[in-house]
Amino acid sequence: MKTNFLNIHDVVLLLTSLECLFLAVLLKILPSKRIQPRAILASFFVLVALVLTSTVVVWNGDLKTTDINHTPYVVAVLAGCLMLEGPVLFFYLRSLSKKINVLRWRNLIHLVPAILVVIIVLVFEINSVDWQPSTPLDVTEKFARSLVWAMVKLIPFVYVMASIWAEYKLREDLKQVYSSIAVTELKLADVVLLGFCVHWLWSLLAYALEGYVNVAISDQLGILDNYLTVALVNGLFVFGLINTRQLLNPVVIAPPKPVPEAKLAAKIDAIEQGIRDKKLFLESNINLERFAEQIGLRPRDVSAVLKLHYQSNFFEFINGYRVEEAKRLLALPEFKDETILEVIFKSGFNSPSAFHRFFKRMVGVTPTEYRKQAIETAKK
């Protein structure tokens, strides 16, 4: 990206950087019940802003002679932020379904590649001039630069796949739970994921073609890569304008009201009948509203009774009975030839991953191990 000082490309990137910071501020101040996802997404846009700004500093022709570009610090910021975008987007998608502890070692390990890249840049003092592939370097420095470039281009692609998987898991989990995640929140996640998947895939393509095209074409591919980020950020602005009402006025689910003692027994009996007689837990698409409708209660009353009497939420309550049904089926001799997948669907689950997660947590062994134990017990 060889340009003159503050040409149209630089201006666009700097303005987009300001837009990213504006989006980050909005995500922090807009009311939302989902504080952690918004905070992580705000951090993501701060990283994008830093990437765009440092890109201008590193690649602008007239800025190459400035003192800052003769130090490795700008390249360290650029490479480090590029490496952090993937993990932060991954954390954002995971946080939509459950609160995550970012400081756990399993989560902190995602920061290792970014830290490693920054260390390499600082140790080998790769400045803005050295960062350009056309700059001749000695063997060791060239290897270090090539390693950093490879990590910056290839590792984000790994997080593209991980983020797509996290989005898939989120959708699967939502099938099993009456969720308070707003539709607008899910659409926002879809837009962010889709846009940056396209951006990272294009960046990987440009990197793969670098050795097969001339310098001019390589520069154009890099410019188009930057403009994909510009298009995404502006697309998110449009999304925000279209969904302003939903973003500013999120639907707040009121906590369930306490159930009077006189009515509690009748409501418990209605819930028990829904489980015992109607076996509503076997319906794979059951949710709180449908369950309440089937037993003649209001959803908020069902929630209140589940919390007060069963110390559970609807998700845990229903899946608990599904696990018990699965245990019953696995122990029956006539079901010994049924596959685990068939047992999953017959017990009301529609997600094998959710089934295995709940079964192992509640029973302590896998379904296969439980079936084996049940068969051995029956023979004695």
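V11 sits in helix α1; helices here (H or I, at least four residues) and strands (E, at least two) are DSSP runs, numbered from the N terminus. This is a predicted model, where local features need pLDDT of at least 70, side-chain atom pairs count only at pLDDT 80 or more, and totals for chains, interfaces and linings use all residues. Residues are numbered from 1 along each chain as its sequence is written, and side-chain values use heavy atoms, with hydrogens and water left out.

Is V11 buried, exposed or partly exposed? V11 is partly exposed, because its relative accessible area is 33%. The cut-offs are simple: buried means under 20% relative accessible area, exposed means over 50%, and partly exposed is in between (1.4 Å probe, protein chains only).

V11 has company on the surface. Together with I8, L15, L18, L21, V46, L50 and V77, V11 makes a nonpolar surface patch of about 650 Å². Two elements, α1 (8–29) and α2 (35–59), give two or more residues to this patch, and α1 gives the most, with 5 residues. Patches are made of residues with over 30% relative accessible area and no salt bridge; like charges are joined within 9 Å, and nonpolar side chains (Val, Leu, Ile, Met, Phe, Trp, Tyr) within 5 Å.

**The whole chain**

Let's zoom out. The chain has 17 helices and 0 strands. Of its 380 residues, 46% are buried. Its accessible surface comes to about 20,000 Å², and 64% of that belongs to carbon and sulfur atoms; areas like this come from the Shrake-Rupley method with a 1.4 Å probe, and for residues only the protein chains shown count as cover. Now for contacts, meaning heavy atoms within 4.5 Å. Among contacts between residues at least 6 apart in sequence, 71% join residues at least 24 apart.

**The inside**

In soluble globular proteins, nonpolar side chains tend to be buried together. A nonpolar core is a set of buried Ala, Val, Leu, Ile, Met, Phe, Trp, Tyr and Cys residues joined through side-chain atoms within 4.5 Å. The largest one here has 60 residues, and F44, Y92, W131 and V148 have the most contacts inside it. Elements giving two or more residues to this core include α1, α2, α7 (139–175) and α9 (215–242), while the largest share, 14 residues, comes from α3. Apart from this core lies another, of 20 residues, among them I268, I286, L297 and Y310.

Which residues does V148 touch, leaving aside its neighbours within four places in sequence? V148 is in contact with A79, V117, I120, V121, I126 and W131.

**Ring pairs**

A pair of aromatic rings is described by the distance of the centres and the angle of the planes. Rings of Phe, Tyr and Trp (its six-membered ring) pair if their centres lie within 6.5 Å; planes under 30 degrees apart count as stacked, over 60 as edge-to-face and the rest as tilted. The whole structure holds 12 aromatic pairs. One of them joins F44 and F45, edge-to-face, with centres 5.7 Å apart and 80° between the planes. F44 and F45 are both buried.

Another pair, F355 and F359, is tilted because the planes stand at 45°, with the centres 5.5 Å apart. F355 and F359 both lie in helix α16 (residues 352–363), 4 residues apart, which is about one turn of the helix. F355 counts as buried at 0% relative accessibility, and F359 is buried with a relative accessible area of 0%. Elsewhere, ring pairs link F281, Y310, F317 and Y321 into a cluster.

**Salt bridges**

The structure holds 8 salt bridges (a side-chain nitrogen of Lys or Arg within 4 Å of a carboxyl oxygen of Asp or Glu). Here are some of them:

| Salt bridge | Closest N to O |
|---|---|
| K267 and D301 | 3.5 Å |
| R361 and E316 | 2.6 Å |
| K346 and E338 | 3.3 Å |

K267 in helix α11 (residues 261–276) and D301 in helix α13 are 34 residues apart, so this bridge links distant parts of the chain. K267 is buried at 13% relative accessible area, and D301 counts as buried at 10%. K267, R298 and D301 are linked in a network of salt bridges.

How exposed is R361? R361 counts as exposed, at 53% relative accessibility, whereas its partner E316 is partly exposed, at 29%. K346 is also partly exposed, with a relative accessible area of 41%.

Back in helix α13 (residues 299–309), D301 is buried along with V302, A304, V305 and L306. After α13 comes Q311, whose phi is positive, near 50°.
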